[in-house]
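Please look through the sequence and the structure shown here before reading on. The report that follows takes up a few places in turn.

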Amino acid sequence: MKPRLMRTLAAAGLAAVLLSGAGLPSVADDGKWLTTSSLTGTSKYGEDFKHYDYVNPNAPKGGTVNSTVAGTFDSFNPFIVTGTPAAGLTYFGGLLYDTLMQQATDEGSTSHPLIADAYKHPADFSSATYRIDPRAKWHDGKPITAEDVVWSLKTLKEISPLYNKYYTNVTEAVAISDHEVEFRFDQKGNRELPHILGDLAVLPKHWWEGTDASGKKRDITKGTLEPPLGSGAYKIESFKPGSEIVWSRVPDYWGADVPVNVGRNNFDKRRYVYFQDVDAQWLAFTKGGFQDIRPENRSQRWATGYTFPAFKAGDVIKKEFATTSGEPMQGFVLNTRRAQFQDPRVRKALTMAFDFESMNRNLFYDSYTRTDSYFEGGELASSGIPQGKELAILETYRDQLPPELFTEPYKLPVYGTPQSFRENLRAASQLFKEAGWVSRGGKLVSEKTGQQFKIEFLGNDPTDERTTGPFMDNLRKLGIDATLRIVDTNQYVSRVNQFDYDVITMVTAQTLSPGNEQREYWGSKAADTPGSRNYSGIKNPVVDALVDRVIFATDREELVAATHALDRVLLWNYYTVPQWHLPKVWMAYWNKFGIPDKQPAYLGVDTDSWWIDKDKEAALAAKYKGVN
């Protein structure tokens, strides 16, 4: 994984399905129908949302946007753990399936109507009712019904670890009528649940329970290469298994005039071509015709690589888009399911051995900032020493926490001089010694067994050597047998889903209103669930308790305090060696687009609001063979 993953994917046209999160409405709405749901107050659009204020509502439709993808695919079912879904399909629907509501691209923790035109909940947050837009229909023309919604929740909770954890407190969905669904909860006071049900991807019950062209009954628990029936703005037009997929815009898409879609989804076709080699992807971009928009994630390339003819001629443009959404935690995730990582002193020692400053200077052109919070870039990040409500929360668990958590700020090692290099590695060596690992003959070995300390980093990109190599060099200086294994994308996904790794680089993105998804990230139950996002294998009762405090916070002040406490406990347990972040999006694109003057500051860029400028495209086609 590379920097800024969430915004990179959002920039590639999947913004609406990436912003998962939860939190608190400012007040209980007590049975009132709401057409916009905000967890941090009131949406800037109020209840009279017509379209996003940055889009061109009259943007022309047409043309093809070309994209490249690394690896391969073998399934059109993104909801199961096995297989690799094709580009355009995600856990939360992607291009094919609409959700009940759509998360806003320009405001955090805010959702607007899509399949559902409104929702409501009682004052005690014990349930939520969603009302289906009567216009909503599947691509075969049949209406989307409450039964589809009921079936989708039940089925997705059964087959998807992510949905099972995300909606763990939703006990059932009941069809009140053809157009109303009531979701019932097993608890009261969980203020996020009514909102996050808007993220539910709605699937066509009649299609999945039907038969394929050969008469075989379909099975949603397995992968498939039969293009599924959907409801979204696009459908699968054609594909070559593992190598290419083309999506076409649905001409009579039911939701074209729904406010979240006005001025968006402007491309008639979306073509994704797969490459096994990332260098080949880059070369294809420079030549044109394969990748029209490139979210850049390599600082070296951004600084020195844009020297090819099309860029010099002004036909490829580089642009930076600032963001306000906060930064993800990107880091080396230590798998505590492995015996060598179960001692927190070992995990701290590994953190002490990571030299960010030299890497930033020598490899990244001083582009990045060190990440030191799981909630980087806003009021949710912990800092200093705990005080006030946060301290009161942590006092409850004092005997289960490191004493220094209460008296010292969390600080990462700072390198940059020969002296600091020696001091940090010496500190790491001492921590290893305290944990029972000693240096013998240049090897770090267990005092008990004499076995050398080994770490295998798992990656799926040859460029991982560049970002992992300096860290491995330092670990080898400590006597650790550190290696990097690069596998293909399918094998990487499979091994990550089964937690079959020592260390991986992973990105965990947060929102302004954390909630239920924290169980999926850090909860003890998720640690043993294949396909969950508890990559570190955390089983910590204090973390579990703090996650519940976040979920059941009664107001914003309590939420912030509980999140500070959770952040601090995660940091002081050293489950991840934090890497870096960049508070902007780097984008390069062929000059064939019309782009609104304004882009959403929250995400930085929304390429779904762009359109093909036919005159620009024609000029490029005349100049470069294959560019269209």
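## A helix with a kink

In this predicted model, helix H13 has a kink of about 30 degrees, and the kink is centred on Pro-470. The helix covers residues 464–477, which makes 14 residues, and at 1.5 Å a residue these should span 20 Å; the C-alpha atoms at its ends are 20 Å apart, so the expected span and the computed one agree.

Many positions along H13 are buried, among them Asp-464, Arg-466, Thr-467 and Thr-468. The residues on either side of the kink centre, Gly-469 and Phe-471, are also buried, as are Met-472, Asn-474 and Leu-475. Just after the helix comes Gly-479, whose phi is positive, at about 95 degrees.

## A buried asparagine in a loop

Asn-534 belongs to the loop that runs between helix H16 (524–527) and helix H17 (541–551). Is this residue, Asn-534, buried or exposed? Its relative accessibility is 0%, and because buried means under 20%, Asn-534 counts as buried.

The side chain of Asn-534 reaches the backbone nitrogen of Ile-538 at a distance of 2.9 Å. When neighbours within four places in sequence are left aside, the residues in contact with Asn-534 include Arg-337, Phe-499, Glu-520 and Tyr-521, and also Trp-522, Gly-523, Ala-526 and Ala-527.

## Salt bridges

How many salt bridges does a search of the whole structure find? The search finds 39, and three of them can be followed here one by one. Arg-338 forms a salt bridge with Asp-500, in which the closest N and O atoms are 3.4 Å apart. This pair links distant parts of the chain, 162 residues apart, since Arg-338 sits in the loop between strand S14 (329–334) and helix H9 (344–352), while Asp-500 sits in the loop between helix H14 (489–497) and strand S20 (503–508). Arg-338 counts as partly exposed because its relative accessibility is 25%, and Asp-500 counts as partly exposed because its value is 34%.

In another salt bridge the side chains of Glu-456 and Arg-495 meet at 3.3 Å, N to O. Glu-456 is in strand S18 (residues 454–459) and Arg-495 is in helix H14, and the two are 39 residues apart. Both Glu-456 and Arg-495 are buried. These residues also belong to a network of salt bridges that links Arg-338, Glu-456, Arg-485, Arg-495, Asp-500 and Asp-502. The salt bridge between Asp-528 and Lys-539 has its closest N and O atoms 2.7 Å apart. Asp-528 and Lys-539 both lie in the loop between H16 and H17, 11 residues apart, and each of them is exposed.

## Aromatic pairs

A pair of aromatic rings is described by the distance of the centres and the angle of the planes. The count for this structure comes to 52 aromatic pairs. One of them is formed by Tyr-163 and Tyr-167, which are tilted, with 5.9 Å from centre to centre and 40 degrees between the planes. Both Tyr-163 and Tyr-167 are buried.

Trp-302 and Trp-586 form a stacked pair, with 5.2 Å from centre to centre and 10 degrees between the planes. Trp-302 lies in helix H7 (residues 299–305) and Trp-586 lies in strand S23 (residues 584–590), so the pair ties together parts that are 284 residues apart in sequence. Trp-302 is buried, and Trp-586 is buried too.

How values were computed: Residues numbered from 1 in each chain as written. Predicted model: local features only at pLDDT ≥ 70, side-chain atom pairs only at ≥ 80, totals over all residues. Heavy atoms only, no water. Helix = DSSP H or I, 4+ residues; strand = E, 2+ residues; numbered from the N terminus. Buried < 20%, exposed > 50% of the residue type's maximum accessible area, 1.4 Å probe, protein only. Polar contact = N/O pair within 3.5 Å; in protein donor to acceptor, adjacent residues only side chain to side chain. Contact = heavy atoms within 4.5 Å. Expected span 1.5 Å × (residues − 1). Bend = angle between axes of the 7 residues up to and from the residue. Salt bridge = Lys/Arg side-chain N within 4 Å of Asp/Glu carboxyl O. Phe/Tyr/Trp six-rings, centres within 6.5 Å; stacked < 30°, edge-to-face > 60°.
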